[in-house]
Amino acid sequence: MPPPGRPPESRPTSPRCGLLRTLQADQRPATVEEQQVLARWSGWGAVPAVFDPDRDDSTYVWAREQLAELLDETEWRAARRTTLNAHYTDASVVKVVWDAEQQLGFTGGDVLEPGSGSGNFIAFAPEHARMVGVELDPVTAAISAALYPDARILNEELR
């Protein structure tokens with residue numbers, strides 16, 4: 001949680017990053033309770049000011065310091081790079097899309113989700129969909145993999 005009085009925009013996803021680091025260190029899957037925490041991941045698009053080096057006011061300094069302890073240099077650069085486009089499709093829209101796909105005759109099979117983010121399309125996929133998510137940001141990809149262990153999550157560029 002941010003210090004009292006901080007604007008909601010400055011609430012980075014550091015608690016989720018910390019949980020992810022614990023899961024990785026313990027080399028274990030997330031429990032149901034931990035998945036509920038990870039599912040609140042909003043990505044980096046909500047906090048671009050945290051990565052803006054010109055924003056040196058106290059509003060974002062604490063968040064930068066927390067994240068600097070949790071992210072390595074590669075992850076930091078990836079997070080900063082994705083602030084522009086890390087905005088995910090709302091669950092209500094995802095449900096409508098999947099309903100439409102099923103009305104058009106989709107009954108299962110392989111599904112590629114490019115730019116899968118934290119996995120909203122994976123979360124609401126029909127039972128017989130075999131999901132493959134591609135996510136450029138390594139932290140978001142790892143969270144998605146922890147949330148959806150039955151999906152194949154690739155941390156790479158879609159080519």
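## Exercises on a predicted protein model

The protein chain exposes about 9,300 Å², of which carbon and sulfur atoms supply 50% (Shrake-Rupley method, 1.4 Å probe; for residues, only the protein chains shown count as cover). The model is predicted: local features need pLDDT of at least 70 and side-chain atom pairs count only at pLDDT 80 or more, while totals for chains, interfaces and linings use all residues. Residues are numbered from 1 along each chain as its sequence is written, and side-chain values use heavy atoms, with hydrogens and water left out.

**Exercise 1.** Determine how the predictor's confidence is distributed over the chain.

*Solution.* Step 1: pLDDT is the predictor's confidence in each residue, from 0 to 100. The chain averages 87, and 92% of the residues score at least 70. Step 2: over residues 1–10 pLDDT stays under 50, and the model has 19 contacts beyond four places in sequence for this segment (contact: heavy atoms within 4.5 Å).

**Exercise 2.** Establish whether the radius of gyration agrees with that of a compact globule.

*Solution.* Step 1: the radius is taken over C-alpha atoms, and the globule rule is 2.2 Å times the number of residues to the power 0.38. Step 2: for 159 residues the rule gives a value near 15 Å; the chain has 17 Å, which agrees. Step 3: the C-alpha trace spans about 55 × 35 × 30 Å along its principal axes.

**Exercise 3.** Describe the secondary structure and locate glutamine 27 within it.

*Solution.* Step 1: seven helices and three strands are present, in the order α-α-α-α-α-β-α-β-α-β (DSSP runs numbered from the N terminus: helices H or I, at least four residues; strands E, at least two). Step 2: glutamine 27 lies in the loop between helix H1 (14–26) and helix H2 (32–38). Step 3: although not a glycine, glutamine 27 has a positive phi of about 50 degrees. Step 4: its relative accessibility is 74%, so glutamine 27 counts as exposed (exposed is over 50%, buried under 20%, partly exposed in between; 1.4 Å probe, protein chains only).

**Exercise 4.** Classify the geometry of the pair tryptophan 44 and phenylalanine 51.

*Solution.* Step 1: rings of Phe, Tyr and Trp (its six-membered ring) pair if their centres lie within 6.5 Å; planes under 30 degrees apart count as stacked, over 60 as edge-to-face and the rest as tilted. Step 2: the structure holds four aromatic pairs. In one of them, tryptophan 44 and phenylalanine 51 have ring centres 5.4 Å apart and planes at 90 degrees, so the pair is edge-to-face. Step 3: tryptophan 44 is buried at 0% relative accessibility, and phenylalanine 51 is buried at 4%. Step 4: Trp41, Trp44, Phe51 and Trp76 form one aromatic cluster.
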